[in-house]
Amino acid sequence: MGWRQTTSALTKDEQIELKEELLRKGVLQEDDLPLYEMLMPDRIKRMYEVLNTRTNHITILTEGVDDPHNQSAVLRSADAFGVQTLHVVEGRAKFKPNSIIAKSADRWVDVVEHGSIEEAIDALKENGYQVYATALSEEAIPLEEVDVSKPTVLLFGNEHSGVSEAALNKADGNFVIPMQGYVQSLNISVAAAISLYDVTTRSRHIVTDGYELPVEDQARIFKDWMVKSLPKRTLGLYKQKGVTAFERETGNSE
């Protein structure tokens, strides 16, 4: 997706100030300046604004979500509410979201795939997360009672069978979205959107230290977004400069 502007809405002074701020904060690395100069300042400014809202304090883990429409919708919700990483355990189908449905969120959200639900939960817990699974049970608490002062994973299961018994046994707790009607469940894409809105809104106001991404993550993501923002023609020129990091980081040697 290229940035089609030919002139910037930012003044020269604003462009200089933006560049200096990115370098000063460590979001932009000196080695990446040639890449930076290939993009319109307006595009850079927009990426920086979005990056400042991103978090991994809240993240999502999906287990066996097979429908590409649902995969795409969850990605779209993650992007919309500033969640940078989606963790995935595949079911019968590969994780292959539809970019049109996802509105290109698959370009801006990191996806981490795990071999099994046990491995995924263990890894997340080792990184300091508590894991709450969506499940109708006597022990389940309302969504709004999940303690979001701690790094939190919301676990969503398969469209038909829900979260597996193995996942429930390893999770720290279960939660439900309180409903007033006859139905007792929601489509995963709807449930994820409602849940993310609630937990990101609450944690953004509760967590004073650690909600935003560490600067090293911001720098990595910012570079990745810059590469993905290059028009195809410019991307070809960038690759021709012999920057082997591009092939190493993206796995794309075309």
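This report describes the fold, the enclosed spaces and selected local features of one protein chain.

**Overall architecture**

The structure is a predicted model. Its protein chain contains 11 helices and seven strands. The chain has 254 residues, and 45% of them count as buried. When contacts between residues at least 6 apart in sequence are considered, 78% link residues at least 24 apart. The accessible surface of the chain amounts to about 13,700 Å², and carbon and sulfur atoms contribute 50% of that area.

**Pocket and cavity**

Two spaces are described here, an open pocket and a closed cavity. The structure holds one cavity of 30 Å³ or more. The table sets out the volume and the lining classes of each space.

| Space | Volume | Lining residues by class |
|---|---|---|
| Second largest pocket | about 540 Å³ | 13 nonpolar, nine polar, one charged |
| Largest cavity | about 30 Å³ | five nonpolar, three polar, two charged |

The lining of the second largest pocket comprises 23 residues. Those nearest the pocket centre are Thr134, Ala135, Gln184, Ser185 and Leu186. Two secondary-structure elements, strand β7 (173–176) and helix α8 (188–206), each contribute at least two residues to this lining.

The largest cavity is bordered by Thr62, Val65, Gln71, Val88, Val89, Glu90, Gly91, Ala93, Lys94 and Phe95. Its two charged lining residues are Glu90 and Lys94.

**Helix α3**

Helix α3 spans residues 41–51, and eight of its 11 residues are buried, so the helix is largely enclosed by the rest of the structure. The buried positions are Pro41, Asp42, Arg43, Ile44, Met47, Tyr48, Val50 and Leu51. Asp42 and Arg43, both of the charged class, are thus listed together with nonpolar residues such as Ile44 and Leu51. The cover over the buried residues of α3 includes four other helices: α1 (12–25), α2 (33–36), α5 (105–108) and α9 (215–229).

**Asparagine 169**

A contrasting local environment is found in helix α7. This helix covers residues 165–170 and includes asparagine 169. The relative accessible area of asparagine 169 is 61%; because the threshold for an exposed residue is over 50%, asparagine 169 is classed as exposed. Glutamate 118 lies 51 residues away from asparagine 169 along the chain, yet the C-alpha atoms of the two residues are separated by 9.5 Å.

Key. Residues are numbered from 1 along each chain as its sequence is written. This is a predicted model: local features need pLDDT of at least 70, side-chain atom pairs count only at pLDDT 80 or more; totals for chains, interfaces and linings use all residues. Side-chain values use heavy atoms; hydrogens and water are left out. Buried means under 20% relative accessible area, exposed over 50%, partly exposed in between (1.4 Å probe, protein chains only). Contact means heavy atoms within 4.5 Å. Accessible areas come from the Shrake-Rupley method with a 1.4 Å probe; for residues, only the protein chains shown count as cover. On a 1 Å grid over the protein atoms alone, a cavity is a set of points where a 1.4 Å probe fits but cannot get out, and a pocket is an open set with protein on both sides within 12 Å along at least five of seven lines; lining residues have an atom within 4 Å of a point. Grid points are joined across faces, edges and corners, and a volume is the space filled by probe spheres set on the points.
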